[in-house]
Amino acid sequence: MATLIEQLVTKMGLIDEPTILEKTTELVRLLELRSTNVPLQINEYGKIVLCGDIAATLLGIAFDKEQALKLSGLRKSHYTNNKRMIEKLLDLNKLVGVNDICIQLNLQEVKKKADELLELYRKVVASEQTDIDDTHPQYASMAVFMACKLCQKKVSKTKIMPFSNLRPTQWQQLEQRWEKLIAKHYKNTMDNKLKVDEECNDENKENGSGKQTKGDVKKERRVEIEDYEKWKKRMLEMAQAKLKQQEEEEEARNKVETSNVVENELIENSETAILGC
C-alpha cells in the first residue's frame, strides 16, 4: 500500500513536498478505519489520489488537479462528490469562504470586490427578512464569480462552481438572482458613491485642500447602508417612545375627566345641601 501511495503522490507531482507523503498515508489509514460501515464506490487508486488532494489542500500546496483527476479514474462529478464524502468521514469538511476560493484559483485581485458583494447580499437579504444560511459556500462562490465579471477578470465558471456544492440548474438560478440584485442595489450604490466622490472632489478643489469637510462627511453618510439590527433597534425605540407618549396623553385625559366628574359631584352635593333634600 505504501508503495502505491508513493507512486501516485509522485505522479501527482507532490513527492518533493515535505510531509505530503506522511500526511497522505495518515489520511488513507484513517479513511480505512472510518469507512468500514460506509463503503465508498471507488477503487484504491481513487482513494489515494483523493487523500493526496485533501492532504495538499490542508498543507496549502498547489498541484495539478487535472492530473489528479486522470489518475483517480473518476469522472469530475464523482471526483468532487467522493472528495466531499471523504472530508466528512475524516471530519475535515469545512465551510469554504471567499478567501479560500480566491487563493485556490489565484484570484486574489478580486477578493476585496467579492467581500463587498457578499456583504451587500447579506444586508439586502436581512432587510427583506429572508431566512437563509449565508455561510453556505454557494454565496461565497457566487460572490467571487460576480466579482470576476465586474472586474473583467476572465475565469471559467466550471472552476468556481464545484466550490458551491450546487448542481448546474441550481447555480443558474442563483446566478440570475445575483444579477438582479447587483443591477438593482449594487449599481445604485456605485452611482451614489461616484456622485459623492465627484462632489467631494469639486469641494476640495474650491477649498484648495484635500482635507475632508463637514459637507463631505454628511454626503458620505447619505450613501451608508444602515445595518439591519441597528435599523430594527431604532424602529423599536421609536415605536416604544410613541407608545409611551400615547399612554401619557391617555393618562392626562383620564385625570382631566376624573377631575371633572369629582367637581360635578361636589357641585351636585352642594346644591342638594342648600335645598335641604
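The exercises below, each with a worked solution, deal with aromatic pairs, pockets and salt bridges in a predicted model.

Residues are numbered from 1 along each chain as its sequence is written, and side-chain values use heavy atoms, with hydrogens and water left out. Because the model is predicted, local features need pLDDT of at least 70 and side-chain atom pairs count only at pLDDT 80 or more, whereas totals for chains, interfaces and linings use all residues.

**Exercise 1.** Determine how Tyr 121 and Trp 178 are arranged as an aromatic pair, and which helices they belong to.

*Solution.* Begin with the criterion: rings of Phe, Tyr and Trp (its six-membered ring) pair if their centres lie within 6.5 Å, and planes under 30 degrees apart count as stacked, over 60 as edge-to-face and the rest as tilted. The structure holds three aromatic pairs. In the pair of Tyr 121 and Trp 178, the centres are 4.7 Å apart and the planes 15 degrees, so the pair is stacked. Next, place the residues, taking helices as DSSP runs (H or I, at least four residues; strands are E, at least two) numbered from the N terminus. Tyr 121 lies in helix α7 (residues 111-127) and Trp 178 in helix α10 (residues 168-207), so the pair ties together parts that are 57 residues apart in sequence. Finally, Tyr 121 and Trp 178 are buried, where buried means under 20% relative accessible area, exposed over 50% and partly exposed in between (1.4 Å probe, protein chains only). Tyr 121 and Trp 178 also form one aromatic cluster with Tyr 139.

**Exercise 2.** Classify the geometry of the pair Phe 145 and Trp 171, and state whether these residues are buried or exposed.

*Solution.* With 5.6 Å centre to centre and 70 degrees between the planes, Phe 145 and Trp 171 form an edge-to-face pair. Phe 145 sits in helix α8 (residues 137-150) and Trp 171 in helix α10, 26 residues apart, and the pair thus links distant parts of the chain. As for accessibility, Phe 145 and Trp 171 are both buried.

**Exercise 3.** Describe the volume and the lining of the largest pocket, and then those of the second largest pocket.

*Solution.* Start from the construction: on a 1 Å grid over the protein atoms alone, a cavity is a set of points where a 1.4 Å probe fits but cannot get out, a pocket is an open set with protein on both sides within 12 Å along at least five of seven lines, and lining residues have an atom within 4 Å of a point. Grid points are joined across faces, edges and corners, and a volume is the space filled by probe spheres set on the points.

The largest pocket has a volume of about 1,300 Å³. Its lining comprises 35 residues, of which Thr 57, Lys 65, Lys 83, Gln 104 and Phe 163 lie nearest the centre of the pocket. The elements giving two or more residues to this lining are α3 (44-59), α4 (65-72), α5 (76-89), α6 (98-104) and α9 (157-164), and the largest share, seven residues, comes from α5. By class, the lining of the largest pocket has 16 nonpolar, seven polar and twelve charged residues (Ala, Val, Leu, Ile, Met, Phe, Trp, Tyr, Cys and Pro count as nonpolar, Asp, Glu, Lys and Arg as charged, and the others, Gly among them, as polar).

The second largest pocket holds about 330 Å³ of space. Among the residues that line it are Lys 76, Arg 84, Met 161 and Arg 167, and the elements that give two or more residues to its lining are α5 and α9. Here the largest share, five residues, again comes from α5, and the residues of the lining divide into four nonpolar, five polar and three charged.

**Exercise 4.** Work out where Asp 53 lies, which residues it is in contact with, and which network it is linked in.

*Solution.* Asp 53 lies in helix α3 and is buried, with a relative accessible area of 2%. Leaving aside neighbours within four places in sequence, Asp 53 is in contact (heavy atoms within 4.5 Å) with Met 12, Phe 63, Lys 65, Tyr 79 and Lys 83. Asp 53, Lys 65 and Lys 83 are linked in a network of salt bridges, a salt bridge being a side-chain nitrogen of Lys or Arg within 4 Å of a carboxyl oxygen of Asp or Glu.

**Exercise 5.** Explain which parts of the chain the salt bridge between Arg 34 and Asp 91 ties together.

*Solution.* The structure holds nine salt bridges, and in one of them the side chains of Arg 34 and Asp 91 meet at 3.0 Å, N to O. Arg 34 lies in helix α2 and Asp 91 in the loop between α5 and α6, so the pair ties together parts that are 57 residues apart in sequence. Arg 34 is partly exposed at 36% relative accessible area, whereas Asp 91, at 59%, counts as exposed.
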